[in-house]
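Here are a few short exercises to work through with the model open. Try each one yourself before you read the solution.

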Amino acid sequence: MERKLFYGGMVVSGAGARRADVLTEGVKIVAVGENLTAEHARRVDVSGKYLFPGFVDAHTHMDLEVSGTVTADGFDSGTKAEISGGTTCIIDFATQNRGESLEYALERWHKKADGKASCDYAFHLALSDWNEKVSRELDQAVKGGVRSFKLYTAYESMAVDDQAIYEILSRLKEAGGIAGIHCENKGNIDSR
């Protein structure tokens, strides 16, 4: 595993910016400090530069089929663009279409991403079909790493009704997941 020692730069963190060195092994930061030394590490002079932690883009739509078209970027080109801007992790919206199991939906999204992404990724799973089988599948989806789910009251092909929203939120509480809801303004809500 390659070791690199980045020296002479300004390290930016939640605590502020300070002059420090950063030692990495592969993709992991193993030390941050002043005047670090490391045997067998490739030294990289970053004097006059800022070192940021990787950013997380928590709302992406890679290779999403919508309204008879597909988004411009898939995981290959989209994550290359993310990396060039300093984003090292994305959370993409994987979609369960009506009639699909959660397992199938996640398999489909993994086929789009696995081996193509240039950065780390996770999924928000959009639920558009709610039934007993899908309810039972939630535990496995959460155990597999999906903790964030999306529900829609907009878009007829994706919308779930109030009863389903209540049941989904109750099951997510049990399973350890969270949900965001994309609401449609039907004129009875002041959106100002």
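## Exercise 1: an acidic residue

At 65% relative accessibility, D162 falls in the exposed class, and keep in mind that this is a predicted model. Work out where D162 sits and which surface patch it belongs to.

Solution, step by step:
- Start with the class: exposed means over 50% relative accessible area, so D162 with its 65% qualifies.
- Next, find the element: D162 is in helix α4, which covers residues 162-175.
- Finally, look at the company: D162 gathers with E132, D161 and E167 in a negatively charged patch on the surface.

## Exercise 2: positive phi

Take D63 and Y155: what are their phi values, and is each buried, partly exposed or exposed?

Solution, step by step:
- For D63, phi is near 50°, a positive value in a residue that isn't glycine.
- D63 belongs to the loop between β6 and β7 (65-66).
- With a relative accessible area of 24%, D63 is partly exposed, because that class lies between 20% and 50%.
- For Y155, phi is near 65°, again positive in a non-glycine residue.
- The loop between β11 (148-152) and α4 holds Y155.
- Y155 has a relative accessible area of 49%, so it counts as partly exposed.

## Exercise 3: a nonpolar patch

Which residues join F52 in a nonpolar surface patch, and where is F52?

Solution, step by step:
- The partners of F52 are Y50 and F55.
- Together, Y50, F52 and F55 have about 350 Å² of accessible area.
- F52 itself is in the loop that runs between β5 (50-51) and β6 (55-60).

Methods: Residues numbered from 1 in each chain as written. Predicted model: local features only at pLDDT ≥ 70, side-chain atom pairs only at ≥ 80, totals over all residues. Heavy atoms only, no water. Patch = residues over 30% accessible without salt bridge, like charges linked within 9 Å, V, L, I, M, F, W, Y side chains within 5 Å. Areas by Shrake-Rupley, 256 points an atom, 1.4 Å probe, with all protein chains shown as cover. Salt bridge = Lys/Arg side-chain N within 4 Å of Asp/Glu carboxyl O. Helix = DSSP H or I, 4+ residues; strand = E, 2+ residues; numbered from the N terminus. Lys, Arg positive; Asp, Glu negative; His and termini not counted. Charge placed at Lys NZ, Arg CZ, Asp CG, Glu CD. Buried < 20%, exposed > 50% of the residue type's maximum accessible area, 1.4 Å probe, protein only.
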